[in-house]
Amino acid sequence: MLNLERLRTLDALARHGSVSRAAEGLHVTTSAVSQQMAKLEREVGQQLVAKNGRGVRLTDAGRLLADHAARILSQVELAQSDLEAQRGQVVGELRLCAFPTAARGLFPAALASLRAEHPGLRVRSRELEPQEGVFAVVRGDVDMAVVLDWYNKPLPVPEGLVKASLLDDAADVAMPAGHPLAGRDEVGLEEFADDEWIAWPEGEFCHEWLFFTLRAKGIEPVVAHRAEEHHTQLALVAAGLGVCVAPRLGRGAVPDGVRTVPVRQRVTRHVYAVWRADGDRRPSVRAAVEALRSAGGS
């Protein structure tokens with residue numbers, strides 16, 4: 001009889017491609033992954049993993065069993081969803097992730113509400129950028145991801161995922177208080193063609209959006225500084241080192257010396273939750289969506 005948890009370990013190893021990343025996805029140690037794989041090899045009587053330089057690779061038998069494991073685990077998840085739906089109770093474990101400002105702006109209130117209203121539900125949460133969150137849902141590392149689209153640049157979402165809108169998050173331009181446009185009631189992005197920008201790290205979805213949007217207005221942005229956290233970006237603005245786009249969700253108090261001005265042609269992020277279709281009937285998923293919407297004021 002094949003052990004389900006060992007199949008889950010094999011599935012994680014096949015999806016992540018390394019012992020360390022599989023361990024991270026499963027929230028266990030690397031030694032626990034190695035032990036589970038050794039036990040699974042004894043169960044099936046075949047070598048499933050072989051050394052590959054400093055890492056490992058699946059053997060032909062390992063890939064064959066990993067394909068079966070993925071289908072088995074999908075059926076198990078579907079069965080769990082059906083049972084949870086039949087009971088109509090918000091129970092079990094729910095693994096969530098969100099991009100940083102949503103984690104800061106939504107998770108505290110939403111998770112506190114879920115704990116108070118559904119004490120039989122155990123929630124785990126982590127921060128992941130939008131694209132990473134989508135991939136984590138597809139891989140089965142999390143049950144739900146809070147992600148975003150910009151108003152003019154959608155985030156690709158693979159087939160097999162369900163979406164639910166949470167809120168629309170407006171964004172302003174943050175600039176030093178002494179900036180020539182700081183006294184305006186509204187501004188256009190094209191008015192900052194000569195400014196230095198403080199942007200997100202290269203390769204992130206929001207960084208791609210900023211370049212896409214400014215170039216569409218004929219602006220080739222000069223990025224002087226890059227920072228992942230909006231609070232860091234605003235601190236750099238306060239020091240007079242540039243301007244940035246500042247979404248309102250999770251923003252908190254604006255530092256002294258910073259002025260935020262709305263954009264004339266409204267700049268918004270559409271924030272939504274995604275999860276796998278085979279978990280669509282889970283009451284815990286629906287409860288989480290409602291808690292997130294409530295936390296966002298929707």
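**Strand partners and pockets**

Reader: In β10, which residue is the bridge partner of Trp-150?

Author: In this predicted model, Trp-150 falls within strand β5, residues 144-150, which is joined to strand β10, residues 258-276, by seven bridges, the two strands running antiparallel. The residue of β10 that serves as bridge partner of Trp-150 is Arg-269.

Reader: And in β10, what is the bridge partner of Ala-164?

Author: Ala-164 belongs to strand β6, residues 161-176, which runs antiparallel to β10 and is joined to it by 15 bridges. Within β10, the bridge partner of Ala-164 is Ala-273.

Reader: Which element gives the largest share of the lining of the largest pocket?

Author: The largest pocket holds about 920 Å³ of space, and its lining consists of 34 residues, with Arg-8, Glu-77, Gln-80, Arg-95 and Gly-140 lying nearest the centre. The elements that contribute two or more residues to this lining are α1 (4-16), α2 (19-26), α3 (30-44), α4 (60-87), β3 (92-98) and α7 (130-139). By class, the lining holds nine nonpolar, nine polar and 16 charged residues. The largest share, nine residues, is given by α4.

Reader: How many charged residues are in the lining of the second largest pocket?

Author: The second largest pocket, with a volume of about 170 Å³, has a lining that includes His-16, Arg-21, Glu-24, Arg-126, Glu-132, Arg-139 and Asp-141. Two or more residues of this lining come from each of α2 and α7. Divided by class, the lining has two nonpolar and two polar residues, while the number of charged residues is six.

Technical notes: Residues are numbered from 1 along each chain as its sequence is written. This is a predicted model: local features need pLDDT of at least 70, side-chain atom pairs count only at pLDDT 80 or more; totals for chains, interfaces and linings use all residues. Side-chain values use heavy atoms; hydrogens and water are left out. On a 1 Å grid over the protein atoms alone, a cavity is a set of points where a 1.4 Å probe fits but cannot get out, and a pocket is an open set with protein on both sides within 12 Å along at least five of seven lines; lining residues have an atom within 4 Å of a point. Grid points are joined across faces, edges and corners, and a volume is the space filled by probe spheres set on the points. Helices (H or I, at least four residues) and strands (E, at least two) are DSSP runs, numbered from the N terminus. Ala, Val, Leu, Ile, Met, Phe, Trp, Tyr, Cys and Pro count as nonpolar, Asp, Glu, Lys and Arg as charged, and the others, Gly among them, as polar. Two strands pair if DSSP finds at least two bridges between them.
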